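Biologist: I am new to this structure and should be grateful for a close look at a single part of it, the interior. Please begin with the chain as a whole and then work inwards.

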Amino acid sequence: MPITSCPLTLSTPLQAEPGRERGVYSWWLDTARYPTPEAAGLLQLPDVPRLVHASGRAELLYVGRARRNLHQRIVGQHLRRTRSSALRRTLLAVLLPGGPSWRQGAALDGRGRVVLDEAQEQRLTDWIQEHLLLGWAVCATKDDVDALERRWIAEHRPVLNTDGTDHGAQLTALKETFRAGLPRRS
């Protein structure tokens with residue numbers, strides 16, 4: 001099912017109540033509040049077309065999967081921990097030019113992953129809650145999850161997805177720029 005043909009309801013992250021089922025989720029820029037990515041502080045997005053939601057009030061930024069539990073993936077990772085969230089790490093990379101202060105409190109863990117101190121984790125969560133909307137589709141099996149995620153990424157090339165997109169290398173380079181020179185934290 002294409003993302004444009006499923007009844008994908010969008011909600012703010014604070015109002016979202018994803019269930020404990022598996023599924024595919026999507027993050028959208030709230031264009032009703034921030035009409036352009038630049039107005040939201042997203043200054044280094046790859047120049048690719050962005051899908052507009054059927055409501056006309058959002059543009060697709062990212063598609064991801066929860067092979068076990070939508071609630072745990074969205075609430076437990078994307079709204080809390082940069083270390084385990086590709087979305088959060090990519091957001092840091094594209095927000096950096098608008099505010100070098102995003103590097104404050106950032107470090108690399110022992111495995112080389114970006115981690116933030118508690119204040120910066122909360123700051124990024126606050127940014128997500130203010131600027132983004134969330135939608136999801138429930139899937140019956142892990143294979144269905146994988147297939148739907150691949151399909152949505154292939155069809156819509158979300159601007160913040162690195163895997164499965166032509167612009168992934170550009171995002172990877174931005175993430176490396178963000179990581180460069182960060183201190184190591186044990």
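**From the surface to the interior**

Modeller: The chain exposes about 8,900 Å², and carbon and sulfur atoms supply 47% of this area; accessible areas come from the Shrake-Rupley method with a 1.4 Å probe, and for residues only the protein chains shown count as cover. The model is a predicted one, in which local features need pLDDT of at least 70 and side-chain atom pairs count only at pLDDT 80 or more, while totals for chains, interfaces and linings use all residues. Residues are numbered from 1 along each chain as its sequence is written, and side-chain values use heavy atoms, with hydrogens and water left out.

The chain contains 5 helices and 5 strands, and their order along the sequence is β-β-α-α-β-β-α-β-α-α. These elements are DSSP runs numbered from the N terminus, helices being H or I with at least four residues and strands E with at least two. The radius of gyration is 16 Å, close to the 16 Å of the globule rule for 186 residues, so the chain is as compact as a globular protein of that length. This radius is taken over C-alpha atoms, and the rule is 2.2 Å times the number of residues to the power 0.38. Along its principal axes, the C-alpha trace spans about 45 × 35 × 30 Å.

Of the 186 residues, 51% count as buried, a term that means under 20% relative accessible area, whereas exposed means over 50% and partly exposed lies in between (1.4 Å probe, protein chains only). Of the contacts between residues at least 6 apart in sequence, 76% join residues at least 24 apart; a contact means heavy atoms within 4.5 Å.

In the interior itself, the largest nonpolar core holds 37 residues, and Trp27, Leu42, Leu91, Trp127 and Leu160 have the most contacts inside it. Helix α2, residues 86–95, contributes the largest share of this core, with 6 residues. Apart from it lies another core of 14 residues, including Val24, Leu60, Val63 and Ile153. Such a core is a set of buried Ala, Val, Leu, Ile, Met, Phe, Trp, Tyr and Cys residues joined through side-chain atoms within 4.5 Å. In soluble globular proteins, nonpolar side chains tend to be buried together.

Helix α2 deserves particular attention here. Because 8 of its 10 residues are buried, α2 is largely enclosed by the rest of the structure. The buried residues of α2 are Leu87, Arg88, Thr90, Leu91, Leu92, Ala93, Val94 and Leu95. One of them, Arg88, is touched by Thr125, which also touches Leu79 and Arg80, leaving out residues up to four places away in sequence. Thr125 belongs to helix α3, residues 118–131, and is itself buried, at 5% relative accessibility.

Strand β5, residues 132–138, includes Leu134. The relative accessible area of Leu134 is 0%, so it counts as buried. Beyond its neighbours within four places in sequence, Leu134 is in contact with Thr9, Leu10, Ser11, Ala16, Tyr25, Ser26, Trp27 and Ile74. Trp27 was named above among the residues with the most contacts inside the largest core. Leu134 and Arg73 lie 61 residues apart along the chain, and 13 Å separates their C-alpha atoms.

The loop between α4 and α5 offers a further buried position, His167, whose relative accessibility is 5%. Outside the residues up to four places away in sequence, His167 touches Pro46, Val48, Arg157, Pro158, Val159 and Asn161. From His167 to Leu45 there are 122 residues in sequence and 9.5 Å in space, C-alpha to C-alpha. Arg157 also lies in this loop, which is followed by α5 (168–179). Arg157 counts as partly exposed at 27% relative accessibility. Although it is not a glycine, Arg157 has a positive phi of about 40°. Most residues other than glycine have a negative phi.

For contrast with these buried positions, Ala154 in helix α4, residues 142–156, is exposed, with a relative accessible area of 54%. The C-alpha atoms of Ala154 and Asp166 are 9.7 Å apart, with their positions 12 residues apart along the chain.
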